[in-house]
Amino acid sequence: MTNIQEFTTKEVPQWCPGCGNFIILAAVKSALSQLNLETHNTVVVSGIGCSGKDSHFFRTYGFEGIHGRVLPVATGVKLSNRKLTVLGMGGDGDAYGIGLNHFIHACRRNLDITYIVHNNEIYGLTTGQVSPTSMKGMKTKSTPHGVIEQPIHPLALAIASDATFVARGYSSNMPHLTKIVAEAIEHKGFSLIDIFQLCPSWNKVNTAEWFKDRLYDINEAGHDTSDKKKAFEKALEDVNTNYEKVPIGIFYKEERATYGDELPQIKEKELINHEIENIDMSKTLARFK
Amino acid sequence: MSEFIWKIGGEAGFGIMGSGLMFSKIFTRSGYYAHSYSEYASLIRGGHNVSQVRISDKKRDCPEKHCDLLVAMDKFSIQAHMHTISKNGGIIYDGKEMDISDIKIREDINTYNVPLLEITNKFKGKILMRNTVAIGATLALLDYPLEYLENILKETFGRKGEEIVNMNLDVAKGGYDYIKENYDTSKYPFSLSPKEGESKIVFTGNEAIGAGAIKAGLKFYCAYPMTPASSVLHYIASKEYDHNIVVKHTEDEIAAINMVIGASYAGVRAMTATSGGGFALMTEAIGLAALSETPIVIALAQRTGPSTGMPTWTEQADLRFAIHASQGDFLRVVLAPGDVADAYNLIQKAFNLADKYQIPVIIMTDKFLSESAASVMEEELKSLPIERGKFITKDMESLSQGEKFKRYELIEDGVSPRPIPGVLGGEHVGTSYEHFENSFSTENFEMRVKQADKRAGKIRKLVEDLEPPMLHGPEDAELTLVCWGSHKPIVFEAVDRLNAEGVKVNALHFSYIHPIHPKTKEILSKCSKLVIVENNSTAQFGGYLKEHADARFNGSILRYDGRPLFPEEVYEHAKNILEGREKDVVVYDKDPVDYYSAALVE
């Protein structure tokens with residue numbers, strides 16, 4: 001086990017009091033430490049939004065990119081050097097709004113990346129506008145008369161897009177969250193952890209009070225994580241029960257070759273280890289004669 | 001000088017472009033240079049395609065307007081191109097497949113009615129082999145030996161077995177024999193004979209960019225298809241196993257450039273290529289590369305814009321866009337090779353500049369350069385030493401608890417050492433946010449200014465790596481034609497012609513566009529009269545030179561109808577400007593032709 005202090009920066013995060021980000025940060029650091037990972041072989045890629053600040057609070061390598069593009073950056077890092085543990089950190093806007101295209105393709109691509117989505121069902125850093133996961137009818141600054149659309153169902157979307165590890169956590173349940181983050185990192189393939197995250201500043205609907213009697217752990221309830229059909233059903237249980245029952249836990253898990261496994265170019269050597277001095281072009285150029 | 005221009009036209013989907021390349025190789029293997037230029041509409045079948053090959057014993061990397069022989073695979077090709085046939089030139093057509101009795105053929109033109117399809121069918125060939133029959137017939141007219149074509153057919157189809165090879169050889173000879181048996185070829189005024197000399201390399205601008213990138217150690221290539229950049233993707237993908245490159249056709253251009261940034265951050269040489277529309281989608285990430293100081297290379301192959309525009313035609317109208325793309329002030333390099341050899345060499349330089357200065361580098365071509373194939377001697381292709389700059393791949397001492405590596409250290413030359421993930425003691429964040437030296441975000445005013453100045457200050461060293469414009473023609477010219485990128489061979493050839501007539505004109509060509517070379521102002525101030533020559537409607541580079549080098553232009557030659565300028569046009573208008581008959585000229589083709597609908601426009 002790596003000392004958790006190894007992953008801690010001298011800088012201290014400045015999120016709102018009661019923000020779920022604090023717990024998520026602590027849970028992820030705790031999982032990294034439990035898995036005995038090394039700071040220099042870990043890369044935390046984040047986007048923009050309250051969660052976008054995450055990469056700065058891990059004393060590892062990191063990349064804070066632009067809004068919605070966490071997964072492409074993480075993909076480039078991972079394919080260049082698969083020895084690195086690559087985590088993506090995004091919010092619900094980053095992952096399911098502006099970056100949705102990349103999310104779906106990352107699922108089917110099955111790169112060995114762990115994607116941790118801070119889903120507070122609201123836009124926080126831009127001061128409280130509707131998010132793709134905001135519940136129908138929710139009044140926000142950009143929807144003063146209530147949201148008209150149905151929310152995105154990220155877990156169902158991930159399962160339908162052939163992601164190989166699909167889970168949901170809750171920012172006020174750190175032991176449970178730590179466990180699934182650790183399992184997701186250990187999983188060989190693309191893993192999504194959608195985290196219900198409290199946003200005390202902007203989301204006055206999905207509060208701790210709201211979650212209290214609705215959440216339950218599907219793994220404790222005996223859910224079979226290899227049953228894709230059942231997982232899909234469970235992924236829609238919240239909306240189908242009009243939010244009476246909101247499941248968390250590991251919904252689906254499958255072993256499948258990762259994208260990198262299918263590339264003979266990197267079978268023996270990582271891309272970064274290929275020699276690039278004096279590349280012999282004679283054969284390649286001769287083809288043009 | 002011996003020179004011959006061959007043109008083949010027909011409907012899309014019948015191998016017109018492929019036959020242009022085959023025709024080129026016959027001659028580049030027997031002592032000649034060849035340049036092959038294609039025009040086509042954005043269609044897979046139908047429409048009109050034409051490929052024009054210029055064979056010359058001198059290096060001529062551009063087309064001319066005229067041709068000496070037209071192979072017409074359909075009637076429309078004659079209607080569309082007859083006026084470009086030189087005096088006493090010829091037309092090969094298949095009279096059994098098309099009735100041309102209603103076309104008034106110019107009297108000086110020699111017509112050769114060759115049953116292309118019948119010969120193909122006789123040897124049980126596929127319809128695409130009509131082109132090979134036509135090439136055989138052309139060689140007969142030129143009194144050129146068949147063996148070079150035969151060798152190419154053997155190499156091209158060898159993998160498909162003897163039967164296919166023989167079929168191709170038979171149809172080629174069928175075309176050759178038909179001409180020899182039915183026509184007196186001595187009446188056709190053009191002939192060529194093989195010369196001594198090594199085989200030349202024939203490749204397109206896009207293939208040169210791809211091959212040059214491979215030479216530069218490219219390991220990660222991502223792109224989304226877009227004409228005319230797609231063949232960079234096709235070419236590099238075809239070499240992904242040979243050279244151990246990960247090639248990804250991504251979900252969009254935004255993903256492509258962000259993956260490139262991720263790969264480069266992780267330590268490999270990475271690039272993408274696109275055209276204007278895709279480049280527009282990439283603009284935000286160009287700023288990300290700049291602020292995070294992540295080296296990236298983008299090849300931008302321009303086409304006729306704005307928006308969808310005319311997707312398969314050429315233009316040089318994205319220059320200002322490339323120089324200014326993305327929000328904020330930041331340093332970038334914009335390069336624009338003048339020909340295929342330059343493309344191969346300059347892309348290697350692009351990687352070195354990106355790595356040395358940790359900046360985005362954009363290399364600009366256009367449909368004309370990207371998709372035209374030209375021949376080069378192997379020695380024209382350079383092997384630039386790999387320069388990765390301050391790049392740390394060896395473990396360092398562990399950092400103290402809580403500390404990060406000073407990735408953005410405020411350093412004299414502005415280039416801070418860059419450890420890659422996996423290196424012990426190098427932990428830091430590559431970041432889009434303004435930051436302290438240790439990469440942590442800041443909004444402190446003084447640090448902001450210091451970091452901005454550090455990034456911008458890289459230019460002090462960078463200018464030493466730039467090359468001045470290339471002068472072609474006499475130093476004491478009365479008029480200087482200023483051009484950039486793909487138009488180098490076109491403008492240089494016009495200058496050669498004017499010089500041959502004793503007209504004192506020269507040309508100044510820029511491959512290094514931005515930042516401007518520090519000597520530019522001095523160089524321009526020595527020219528007596530300046531004329532800007534560009535393939536756009538607003539003289540974007542001319543404006544840039546006014547802004548950065550106090551250039552004062554006495555005239556302009558611009559074109560934005562989708563075609564490149566042709567040397568004879570530059571020749572004519574340069575002369576007119578010099579002699580005071582013209583000043584600002586817009587060139588466009590008044591041919592009543594529409595490639596899109598393969599129809600004549602009234």
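## Exercises on a two-chain model

A:Asn36 sits in the loop of chain A that runs between helix H1 (21-34) and strand E1 (42-46). Here helices (H or I, at least four residues) and strands (E, at least two) are DSSP runs, numbered from the N terminus. The model is predicted, so local features need pLDDT of at least 70 and side-chain atom pairs count only at pLDDT 80 or more, while totals for chains, interfaces and linings use all residues. Residues are numbered from 1 along each chain as its sequence is written, and chains are lettered from A and ligands numbered from 1 in the order in which they are written.

**Exercise 1. Find the sign of phi at A:Asn36, and decide whether this residue is buried or exposed.**

Step 1: A:Asn36 is not a glycine, yet its phi is positive, about 65°.

Step 2: Now count neighbours. A residue is buried if 20 or more other C-beta atoms lie within 10 Å of its own, exposed if 12 or fewer, and partly exposed in between, with C-beta atoms placed from the backbone. A:Asn36 has 8 other C-beta atoms within 10 Å, so it is exposed.

**Exercise 2. Do the same for B:Glu293: what is its phi, and is it buried or exposed?**

Step 1: Look in the loop of chain B between helix H10 (276-292) and E11, where B:Glu293 lies.

Step 2: B:Glu293, again not a glycine, has a positive phi of about 55°.

Step 3: Because 25 other C-beta atoms lie within 10 Å, B:Glu293 is buried.

**Exercise 3. Locate the cis peptide bonds that lead into B:Pro306 and B:Pro515.**

Step 1: From B:Gly305 to B:Pro306 the peptide bond is cis, with omega near -5°. You will find B:Pro306 in the chain B loop between strand E11 (296-302) and helix H11 (319-324).

Step 2: The bond from B:His514 to B:Pro515 is also cis, with omega near -5°. B:Pro515 belongs to the chain B loop between strand E21 (512-514) and helix H17 (520-525).

**Exercise 4. Trace the sheet that includes E17(B), and name its edge strands.**

Step 1: Start from the pairing rule: two strands pair if DSSP finds at least two bridges between them.

Step 2: E1(A) and E2(A) run parallel and are joined by 4 bridges, with A:Val43 opposite A:Tyr61 in E2(A).

Step 3: Cross to the other chain. E2(A) pairs in the parallel sense with strand E17 (residues 429-431) of chain B over 3 bridges. Here A:Gly62 stands opposite B:Val429.

Step 4: Write the whole order. The open sheet has 9 strands, E7(A)-E8(A)-E5(A)-E6(A)-E4(A)-E3(A)-E1(A)-E2(A)-E17(B), with mixed pairing.

Step 5: Read off the edges. Strand E7 (215-217) of chain A and E17 of chain B each have a single partner strand, so each has one side without a neighbour in the sheet. On average, neighbouring strands of this sheet are turned by 20° against each other, direction ignored; axes are lines fitted to C-alpha atoms, for helices over the stretch in contact, and angles run from 0 to 180 degrees between N-to-C directions.

**Exercise 5. Describe the side of chain A that touches chain B.**

Step 1: Two residues are in contact if their C-beta atoms, placed from the backbone, lie within 7 Å. By this rule 49 residues of chain A are in contact with 58 residues of chain B.

Step 2: At least two residues each come from strand E2 (61-64), helix H2 (70-80), helix H4 (100-109) and helix H10 (282-286) of chain A. H2(A) supplies the largest share, 8 residues.

Step 3: Sort this side of chain A by class: 20 residues are nonpolar, 21 polar and 8 charged. Ala, Val, Leu, Ile, Met, Phe, Trp, Tyr, Cys and Pro count as nonpolar, Asp, Glu, Lys and Arg as charged, and the others, Gly among them, as polar.

**Exercise 6. Explain how the radius of gyration of chain A compares with the globule rule.**

Step 1: Chain A has 10 helices and 8 strands.

Step 2: The radius of gyration is taken over C-alpha atoms, and the globule rule is 2.2 Å times the number of residues to the power 0.38. For 289 residues the rule gives 19 Å, and chain A has 20 Å, which is close, so chain A is as compact as a globular protein of that length.

Step 3: Add the extents: the C-alpha trace of chain A spans about 70 × 45 × 40 Å along its principal axes. Of its 289 residues, 52% count as buried.
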